[in-house]
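Grab a coffee and open the model in your viewer. Below are a few exercises, each with a solution worked out step by step.

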Amino acid sequence: MVNEMKVAFATEEKNGLDSIVSTKFGRAAYFVIVELDNDKKIKDNYIIVNPGGEARSGAAIKAVQKLLEEKVAVVVAGAFGPNALVALDEMNIKHIVLSGVKVSEALGQITDKL
Amino acid sequence: MMIEIAVASGKGGVGKSTVSTSIAIYLSRRKRNVVAIDADADAANFHLILGEDRWDWKKSYSDSMIAKIIEEKCIKCGNCLGKCSYKAIYIDERGNYRINPILCEGCLTCTLVCPVRGAIVREKVESGKLYRVNTKYGFPLISASLNPGRPNSGKLVTEEKELAKEIAEDDSIIIIDSAAGIGCQVVSSLAGANMVILVAEPTPASFNAIKRVHVLTKHFMQPVALVINKYDINLQMSDTLEDFAQENNIDLLGKIPYDESIPKSMASRVPVIELFPNSPAAKALINISAKVEYIIDNWHEWFIGHRPKKPEPYKPIIIKPMS
Amino acid sequence: MIISVSGGKGGTGKSTVTVNIAILLAQKYSLVLADLDVEDPNDHILLSVKPENREPINIMLPFVDYKKCIKCRACGNVCDTGAMLLSPEGIPYVIPRLCSGCRTCYYVCPTKAIEEGKRTIGYTYLTNVDMDGISFKLVSGKLIEGEEHTPPAVIAAKERALNIDAEIHLIDTSAGTSNTVATALDNSKIVLAVTEPTPLGLHDLELILKLTSLMKIKTFIVINRAGIGPEDDHVKLSRQYRSEIIARIPYSRDVVESYIKGKPIVLYKKDSKISQIFYDIVNYLEEVVNDD
């Protein structure tokens with residue numbers, strides 16, 4: 001079970017793996033969480049609401065807190081602000097900058113970085 | 001492709017809105033699809049420069065909470081009085097404990113230290129309003145205002161951007177007149193922008209302000225351009241700004257001379273490139289706008305040429321347990 | 001007696017008006033001038049004095065005693081601003097940039113593992129002003145460059161000013177109507193709203209009048225740079241909010257010269273028309289104050 005991992009994709013829509021990856025992280029509306037097996041194939045996927053979406057300030061912190069709860073190892077979004085970076089780095093969650101394509105396509109593009 | 005251009009200055013009063021309105025009008029005249037966002041809710045003046053005095057659409061916006069003391073339940077124990085970090089709690093003429101809504105920041109302290117359950121509650125309060133108007137210059141403008149006493153926030157800017165994206169088309173050019181300062185409302189203004197145009201005047205305060213915004217653009221690895229406004233009020237300082245641009249691979253779009261046409265056109269509620277098109281300032285602004293159009297039409301090349309080569313993330317200090 | 005001078009738009013001339021009124025009032029009364037434009041104070045520049053007696057403005061910063069922390073996660077859960085990040089094990093990490101010093105974490109911690117640390121966000125200064133035989137004290141507040149949270153700085157500078165015994169405390173607020181200005185205006189007896197006859201000036205005048213009406217503070221209007229545009233709408237607002245226009249200061253080269261000379265116009269050119277207008281404003285204020 002060592003190489004299984006969860007990857008989160010920031011998105012503004014609820015279209016599962018067809019959701020477009022958002023340019024935002026901290027205030028993105030949702031995260032599509034993809035569970036990968038040892039061979040980096042999709043085992044399961046689900047969507048969660050990003051608590052950072054409603055936050056007045058420190059939205060990225062709330063988002064990171066949620067990702068920690070979900071035990072996410074990697075997060076993908078179009079941009080990560082200063083607060084996002086410091087929190088992700090401290091909590092050892094890897095971040096990848098990418099947006100504008102569907103989650104399924106994004107996953108294909110980043111598999112070698114996982 | 002949709003292009004998002006953030007216009008920022010780090011401090012108010014240097015001509016940021018004059019530049020952003022001019023670029024928006026110019027591109028719209030050139031038949032581009034433009035969507036403008038005024039993210040400077042503390043001092044929203046994009047619509048004033050355009051002479052718009054009505055909105056097509058407005059919506060209440062809320063992102064803050066305020067604490068309130070329920071008079072009937074309050075036992076006047078005084079526990080909350082000294083503990084509010086913002087000194088927002090006071091006793092009124094009738095001896096009742098009250099919370100000053102202007103000073104209250106909506107944290108949980110008073111509710112926590114109050115011994116009576118339900119004597120202090122938090123409620124959502126309107127922070128301001130969002131607006132939209134189809135301007136007389138052929139493009140829509142999204143704007144916002146803050147209620148007295150309410151601070152600007154990154155969330156408000158994000159909401160404005162969401163509204164803009166809803167009405168934008170695939171080839172729209174989104175122009176964001178950024179919030180002032182360098183706090184979260186500015187980070188939200190810059191995040192996601194394809195390019196940033198810095199506007200500075202030749203003063204030490206303005207130079208310091210754009211240097212701080214520049215740190216954020218390096219964080220987001222955005223290509224940056226510069227406009228120097230009122231350059232001739234201090235030629236030496238203006239040269240310093242030019243040197244800074246050159247050292248940092250920032251594309252100098254142009255320099256605007258001090259010109260009375262600008263305050264005159266503001267007083268008349270007509271943009272300077274409309275009202276005094278042959279004035280020195282208007283000519284400079286039109287040149288700058290034409291350069292922006294050129295950048296958009298040659299995007300890939302310009303982007304590669306001006307994007308920072310290596311990431312320089314800005315990470316705020318974090319205090320953690322020593323391992 | 002606390003009198004505040006405010007003006008929605010930056011650059012309207014609020015500080016010039018404040019400084020000149022301060023000098024005239026200081027001829028008769030003991031006075032403290034408080035420059036609460038904490039992002040960019042400039043009264044000391046107009047008065048050609050160097051700020052002295054620097055004291056830090058601190059806000060509370062939580063300091064976690066990790067030996068006492070039982071990882072209950074309460075602090076992270078109550079933090080509204082995201083300043084408290086919890087590791088998967090429940091260990092709190094503090095991000096000072098996001099902390100507004102509300103102390104909720106301090107009060108919620110069941111084992112008192114959070115201590116009241118502090119961090120400096122700015123400074124207050126207390127400077128003696130002596131010009132042409134007129135003396136008064138200037139208190140200024142300034143945020144450290146990059147700091148955004150203005151209310152604690154405004155409160156600290158205001159407190160330092162109010163702690164000095166004086167017949168009049170004259171407050172120069174910042175531009176805008178955000179919480180920075182509201183905090184500065186709180187408790188004022190009178191507000192002078194400085195505006196100019198332009199659409200931006202009008203727009204900001206309305207915001208200030210709304211704010212002072214909400215705060216129930218008597219407001220008078222001063223139109224600066226009178227003559228550069230029409231005033232009809234300003235007059236309408238004045239009626240709507242029952243705030244009298246008590247002075248019109250025309251644009252004058254004299255004022256510009258006084259900037260360059262570093263001496264306020266009521267000292268630099270006592271007999272000028274502008275100086276006379278400032279005298280009239282002060283006389284009017286005295287009447288209003290004595291009537292109460």
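Before we start, one definition for the helix exercise: axes are lines fitted to C-alpha atoms, for helices over the stretch in contact, and angles run from 0 to 180 degrees between N-to-C directions. Also keep in mind that this is a predicted model.

**Exercise 1.** Work out the strand order of the open 9-stranded sheet in chain C, and say which strands stand at its edges.

Solution. Step one: reading across the sheet gives S3-S6-S7-S2-S8-S1-S9-S10-S11 in chain C, and the pairing is mixed. Step two: look for strands with a single partner, and you land on S3 (55-64) and S11 (245-250) of chain C, so each of these has one side without a neighbour in the sheet. Step three: check the twist; on average, neighbouring strands here are turned by 20° against each other, ignoring direction.

**Exercise 2.** Zoom in on S3(C) and describe how it pairs with S6(C).

Solution. A quick reminder first: strands of a sheet pair through backbone hydrogen bonds, either parallel or antiparallel. Here S3(C) and S6(C), residues 114-131, go antiparallel, with 10 bridges between them. To pick out one bridge, find Pro62(C); its partner in S6(C) is Glu116(C).

**Exercise 3.** Which strands of chain C does helix H7 lie across, and at what angle does it run to S9(C)?

Solution. Start with H7(C), residues 199-214, which lies across S1 (2-6), S9 (190-195) and S10 (218-226) of chain C. Now compare directions: the helix runs at about 170° to S9(C).

**Exercise 4.** Do the edge hunt again for the open 5-stranded sheet of chain A.

Solution. The order is S3-S2-S1-S4-S5, again with mixed pairing. S3 (42-49) and S5 (94-97) of chain A each have a single partner strand, so one side of each is left free of a sheet neighbour. Next, follow S3(A) to S2(A), residues 30-36: they pair antiparallel over 7 bridges. One of the bridges joins Leu36(A) to Ile42(A) in S3(A).

**Exercise 5.** How many residues do chains B and A bring to their contact, and which helices of chain B give two or more?

Solution. Count each side: 18 residues come from chain B and 15 from chain A. On the chain B side, the elements giving two or more residues are H4 (154-167) and H5 (184-190). H4(B) gives the largest share, 3 residues. Sorted by class, this side of chain B has 8 nonpolar, 6 polar and 4 charged residues.

Definitions and conventions: Residues are numbered from 1 along each chain as its sequence is written. Chains are lettered from A and ligands numbered from 1 in the order in which they are written. This is a predicted model: local features need pLDDT of at least 70, side-chain atom pairs count only at pLDDT 80 or more; totals for chains, interfaces and linings use all residues. Two residues are in contact if their C-beta atoms, placed from the backbone, lie within 7 Å. Helices (H or I, at least four residues) and strands (E, at least two) are DSSP runs, numbered from the N terminus. Ala, Val, Leu, Ile, Met, Phe, Trp, Tyr, Cys and Pro count as nonpolar, Asp, Glu, Lys and Arg as charged, and the others, Gly among them, as polar. Two strands pair if DSSP finds at least two bridges between them.
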